[in-house]
Every structure is written in C-alpha cells, then in structure tokens.
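Reader: Please examine this entry closely, taking salt bridges as the starting point. I would then like a connected account of the surroundings, set within the chain as a whole.

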Amino acid sequence: MSDTYVCLLEFSTATLRIIRLTKKEAKEAASCDDFESYLITLEDKYSFNLSKCKYMVSDGLDIVINNFNKSDI
C-alpha cells in the first residue's frame, strides 16, 4: 500500500497543509463512500477547518517551490 497524502489549502490564512495519512486512516478513508465526510473527522487531530479549505488527495507527493530562498520558508 502506497502512502496517501491530503493537501489542504486554507484560503482564509493562505496555509498549505500536507497530511500523510497513517495506514489506519488510509484504510478507513478507502472504506468510506464519502471521503469528504471522513476528512471532517480529522479536523481536530490535524488542526484545520474543511469548510475553509480546498483539498486534493494523492498517492504520491512531489513538492516544487519556485522563487523562494530557504530563509523564506
């Protein structure tokens, strides 16, 4: 089983949050008919509010940051 990532962009704070689901969470998510409903159950654990976010789910993650110095991050 590959890793499952949830990328959340919280538009009220311009925060990008990347969560690697645990194997247990990924299994629970896969068994749900509605991923968004499952994601709501993780709001407190990972400190986000889904109603203020857009999200993407992926089995892989590649991060590219352009026009930033390491001191900017």
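Author: The count of salt bridges comes to one, in what is a predicted model. The two partners are Lys45 and Glu25, whose side chains meet at 2.6 Å, N to O. This pair qualifies because a salt bridge is a side-chain nitrogen of Lys or Arg within 4 Å of a carboxyl oxygen of Asp or Glu, and the N to O separation here is 2.6 Å. The contact links distant parts of the chain: Lys45 belongs to helix H3 (residues 43-46) and Glu25 to helix H1 (residues 23-31), with their positions 20 residues apart in the sequence.

The two partners of the bridge may also be described by their exposure. Lys45 is classed as exposed because its relative accessibility is 53%, and the cut-off for that class is over 50%. Glu25 has a relative accessible area of 5%, so this residue is buried; the limit for the buried class is under 20%. The salt bridge thus joins an exposed lysine to a buried glutamate.

The wider setting comes next. The protein contains three helices and three strands, which follow one another from the N terminus in the order β-β-α-α-α-β. Its C-alpha trace spans about 40 × 30 × 15 Å along the principal axes. Of the 73 residues in the protein, 27% are buried.

Just after helix H3, in the loop that leads to E3, lies Ser47. Although Ser47 is not a glycine, its phi is positive, at about 55 degrees. Most residues other than glycine have a negative phi. Ser47 is exposed, because its relative accessible area is 52%. Ala14, which is likewise not a glycine, also has a positive phi of about 55 degrees. Ala14 sits in the loop between strand E1 (5-10) and strand E2 (15-20), and with 66% relative accessibility it counts as exposed.

The strands bring together parts of the chain that lie well separated in sequence. Cys7 is a residue of strand E1 and, with a relative accessible area of 13%, is buried. Its C-alpha atom is 5.2 Å from that of Met56, although the two residues are 49 apart in sequence. Leu9 is found in strand E1 as well; 5.3 Å separates its C-alpha atom from that of Cys53, a residue 44 positions away along the chain. Leu9 counts as partly exposed because its relative accessibility is 43%.

Cys7 and Met56 also take part in the largest pocket, whose lining consists of Cys7, Leu16, Ile18, Met56, Leu61, Ile63 and Ile65. The pocket holds about 160 Å³ of space. By residue class, its lining has seven nonpolar members, no polar ones and no charged ones.

Several of these names return in a nonpolar patch on the surface. The patch is formed by Leu9, Leu16, Ile18, Leu61, Ile63, Ile65 and Phe68, which together offer about 670 Å² of accessible area. Ile63 therefore illustrates both features: it lines the pocket, it belongs to the patch, and it is exposed at a relative accessible area of 54%. Ile63 occupies the segment after strand E3 (53-58). By contrast, Cys7 lines the pocket but is buried, and a patch residue needs over 30% relative accessible area.

Asn66 lies in the segment after E3 too. This residue is exposed, as its relative accessible area is 54%. Asn66 and Thr4 are 62 residues apart in sequence, and their C-alpha atoms are 24 Å apart in space.

In summary, one salt bridge is counted, and it links helix H3 to helix H1 through Lys45 and Glu25. Elsewhere, the largest pocket has a lining without polar or charged residues, and a nonpolar patch with about 670 Å² of accessible area appears on the surface.

Terms used
Residues numbered from 1 in each chain as written. Predicted model: local features only at pLDDT ≥ 70, side-chain atom pairs only at ≥ 80, totals over all residues. Heavy atoms only, no water. 1 Å grid on protein atoms, 1.4 Å probe; cavity = no way out; pocket = protein on both sides within 12 Å on 5 of 7 lines; lining within 4 Å. Points joined across faces, edges and corners; volume = space filled by probe spheres on them. Nonpolar A, V, L, I, M, F, W, Y, C, P; charged D, E, K, R; others polar. Patch = residues over 30% accessible without salt bridge, like charges linked within 9 Å, V, L, I, M, F, W, Y side chains within 5 Å. Areas by Shrake-Rupley, 256 points an atom, 1.4 Å probe, with all protein chains shown as cover. Helix = DSSP H or I, 4+ residues; strand = E, 2+ residues; numbered from the N terminus. Buried < 20%, exposed > 50% of the residue type's maximum accessible area, 1.4 Å probe, protein only.
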